[in-house]
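Here are a few exercises to work through with the model open on your screen. Try each one yourself before reading the solution.

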Amino acid sequence: MSSLSLYDTLTRTTSEFVPLKKGEVGIYLCGATVQAPPHIGHVRSGVNFDILRRWLTKSGYNVTFIRNVTDIDDKILHKAVHEEMPWWAVAMKYERAFTDAYAALNVLPPTYEPRATGHVTQMIELMQLLIEKGAAYAPGNGDVYLEVRKLNSYLTLSRQKLDDLQPAADADETNKKDPRDFALWKAAKPGDPSWPTPWGPGRPGWHLECSAMAHQYLGESFDIHGGGLDLIFPHHENEIAQSEAAGFAFAKRWLHNAWVTASGEKMSKSLGNSLQVHELLKSVRGIELRWYLGSAHYRSMLEFSHEALAESATAFRRIEGFLTRSVEILKVEPTPVISAAFSDAMNDDLAVPTALASISEALRIGNSAITAGDTAVIASAANEIRGALDVLGCDPFDPAFATSGGSEDLTAALDGTIKLALEQRTAARERKDFAASDSIRDGLAALGITIEDTAQGPRWSISRDGK
């Protein structure tokens, strides 16, 4: 079996992944700034890094996975004014919306999910250390800045030149030694939340938050830092600057997922093409939306369209249908098995599109085996497909996708009713009353019930496209 290789944004190369500590992996993923409901551009990161985490776990590693919540930010304060709510209530409202979206897409809960406001003490300690080392300064107005020209490795991640940068727009430049210095701490403004510090009351800068929380939960160095491409600069550059200036080795490897785009542009509320997760879940199931978001390579842009989502959902239902038929034939759920082809694909920088090709091949073999009545091959194909879907977080047998008890009762009643209709249809076909047979089928179709005639008899499913 091949060893895992991963791309590193810092070096722009793909290399073998070797953890700092044998058998252990520490990952820090920049999570949500909770100021609006999540759209699929937000949760793609969650899905991509969940696949990485699942594959590392499947490969035998003990993974500590940190995904923070930015619950204090200019955008949150702005939204609080417009929604006429306390800022902390706005943050909690949208944090819960993100939690619900992650759960609907079967993104595993992080090992720890720290909130920025719960770690102000650690941020103050980090600023104190940076000031003592001469890397940061407090001009006396309550702000604290990092002095970027003292840093030898600044901008190595984004490969920009310091003199080409526009001045940071996070504070009054008159208090800075250099316009490109960025704020670690922002002096309190009337009416805004603030915390006391030796330099005056205020609130943390965004970059400081992640450096302090990563250090708190993963130590001075850890294996992987992740996030979206848009975070490379300034956020991740400034995290590196703060942490290395403090004397921490920080992240060994940087992974960034690409955007979900619409009409070739990054998905954002400002473009008016935001697609919120809770809206999309009205047309597809969570497992189908996850399948779609996870199907592209994590470093490739994913161009969204409703047509592409519908096609992806249809393709997944074909896989799901085969697994259902295998259970009907074999009378047992498949046992997850990782095939060599799937493993090789995942070890090649999480090459999910190649991994999907291995699933398609197993599906082709499995469907042929159903036609031939070869139960051994049916079982082998079903086991491989379920093993792959488990890693991709799309296992239809996963309890995360199970319905509640009340829904199960309703499903059982519906199943019995439809089976009764199908029995009537079969009886009509046997007596060659094809008009009656077609009428029953058309009536079910009008209700959104799709009928599939198989060698084992007719099967039904609910159409998700409303047609």
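Helices here are DSSP runs of H or I at least four residues long, numbered from the N terminus. Keep in mind that this is a predicted model.

**Exercise 1.** Find which residues the UniProt "binding site" annotation covers, and work out how they sit in space.

Solution. Start with the record: the unreviewed UniProt entry puts its "binding site" annotation on Cys30, Cys210, His235 and Glu239. These are spread over 210 residues of sequence, yet they cluster in space, with a largest C-alpha distance of 11.0 Å.

**Exercise 2.** Place Glu239 and His235 in the fold, and decide whether each is buried or exposed.

Solution. Glu239 belongs to helix H6, and so does His235, the helix running over residues 232-245. Next, apply the cut-off: buried means under 20% relative accessible area. Glu239 has 0%, so buried it is; His235, at 1%, counts as buried too.

Now look at the partners, skipping residues up to four places away in sequence. Glu239 touches Cys30, His207, Cys210, Ser211, His225 and Phe250. His235 is in contact with Cys30, Trp206, His207 and Cys210. Its side chain also makes a polar contact with the side chain of His207, at 3.0 Å.

**Exercise 3.** Describe how H9 and H12 pack.

Solution. Helix H9 (residues 306-330) meets helix H12 (residues 375-391) at about 135°, with the axes 10 Å apart. The two are therefore oblique to each other, and their crossing is left-handed. Among the residues making the contact are Phe316 and Phe322 of H9, and Ile378 and Ile385 of H12.

Key: Residues numbered from 1 in each chain as written. Predicted model: local features only at pLDDT ≥ 70, side-chain atom pairs only at ≥ 80, totals over all residues. Heavy atoms only, no water. UniProt positions renumbered as here; feature names shortened; annotations may be inferred. Buried < 20%, exposed > 50% of the residue type's maximum accessible area, 1.4 Å probe, protein only. Contact = heavy atoms within 4.5 Å. Polar contact = N/O pair within 3.5 Å; in protein donor to acceptor, adjacent residues only side chain to side chain. Axes fitted to C-alpha atoms, helices over the stretch in contact; angles between N-to-C directions. Parallel < 35°, antiparallel > 145°, perpendicular 65-115°, else oblique. Left-handed = near helix turned anticlockwise from the far one by under 90°.
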